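Hi,

Here is the structure I promised to pass on to you. Have a look at it first, and then read on for what turned up in it.

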Amino acid sequence: MIYVIARMELNENCKDAMLAVLEKTVPKVLSEEGCIMYTPCLDYDEETKDRFLTIVEAWKDRDVHRAHLAAPHMAEFREAVKDLRKGCTVDIVTPVM
């Protein structure tokens with residue numbers, strides 16, 4: 001299993017638009033083979049909750065995650081959010097215990 005932490009810095013006043021895109025995207029991702037978890041999260045801190053959105057993901061393995069990235073709905077997602085975020089960092093980790 002792998003975990004993916006995708007952290008996005010949102011453009012100002014774009015949180016609601018991002019959440020609307022995710023509302024359409026999340027069910028598609030959750031139905032993908034090998035998807036264990038795909039959970040959008042806002043920062044807990046009041047000062048940054050409108051500025052950062054993190055998606056915490058769990059996948060069966062790296063191959064199914066690669067297939068997820070190549071899925072048509074993810075190309076649609078990237079297009080829909082290109083003007084909503086300043087950038088995105090992605091960390092991929094695997095459990096050791």
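Let me start with one residue: Val26 has a relative accessibility of 14%, so it counts as buried (buried is under 20% relative accessible area, exposed over 50%, and partly exposed in between, with a 1.4 Å probe and protein chains only). Before going further, please keep in mind that this is a predicted model, where local features need pLDDT of at least 70 and side-chain atom pairs count only at pLDDT 80 or more, while totals for chains, interfaces and linings use all residues. Residues are numbered from 1 along each chain as its sequence is written, and side-chain values use heavy atoms, with hydrogens and water left out.

Back to Val26, which you will find in helix H1 (helices, H or I with at least four residues, and strands, E with at least two, are DSSP runs numbered from the N terminus). Leaving aside neighbours within four places in sequence, Val26 is in contact with Tyr38 and Pro40, where contact means heavy atoms within 4.5 Å. Val26 and Met37 are 11 residues apart in sequence, and their C-alpha atoms are 9.9 Å apart in space. Thr25 is also in helix H1, and with a relative accessible area of 6% it is buried. Its contacts, again without neighbours within four places in sequence, are Met74 and Phe77.

Now the sheet. It is open, has 4 strands in the order E2-E3-E1-E4, and the pairing is antiparallel (two strands pair if DSSP finds at least two bridges between them). Strand E2 (35-42) and strand E4 (85-93) stand at the edges with a single partner strand each, so one side of each has no neighbour in the sheet. On average, neighbouring strands here are turned by 15° against each other, direction ignored. Axes are lines fitted to C-alpha atoms, for helices over the stretch in contact, and angles run from 0 to 180 degrees between N-to-C directions.

Inside the sheet, strand E1 (residues 2-10) pairs with strand E3 (residues 52-59) over 8 bridges, in the antiparallel sense. Ala6 has Ile55 in E3 as its bridge partner. Helix H2 (residues 62-70) packs on this sheet and touches E1, E2, E3 and E4, with its direction at about 130° to that of E3. Helix H1 (residues 15-30) lies across E1, E2, E3 and E4 as well, running at about 170° to E2.

Helix H2 holds His65, which counts as buried at 3% relative accessibility. Not counting residues up to four places away in sequence, His65 touches Ile2, Val4, Glu57, Trp59 and Ile92.

There is a pocket to look at too. The largest one has a volume of about 230 Å³, and 17 residues line it, with Ala6, Glu57, Leu69, Met74 and Val90 nearest its centre. E1, E3, H2, helix H3 (72-81) and E4 each give two or more residues to that lining. (On a 1 Å grid over the protein atoms alone, a pocket is an open set of points where a 1.4 Å probe fits, with protein on both sides within 12 Å along at least five of seven lines; lining residues have an atom within 4 Å of a point. Points are joined across faces, edges and corners, and the volume is the space filled by probe spheres set on them.)

Last, Glu79 lies in helix H3 and is partly exposed, at a relative accessible area of 48%.

Cheers
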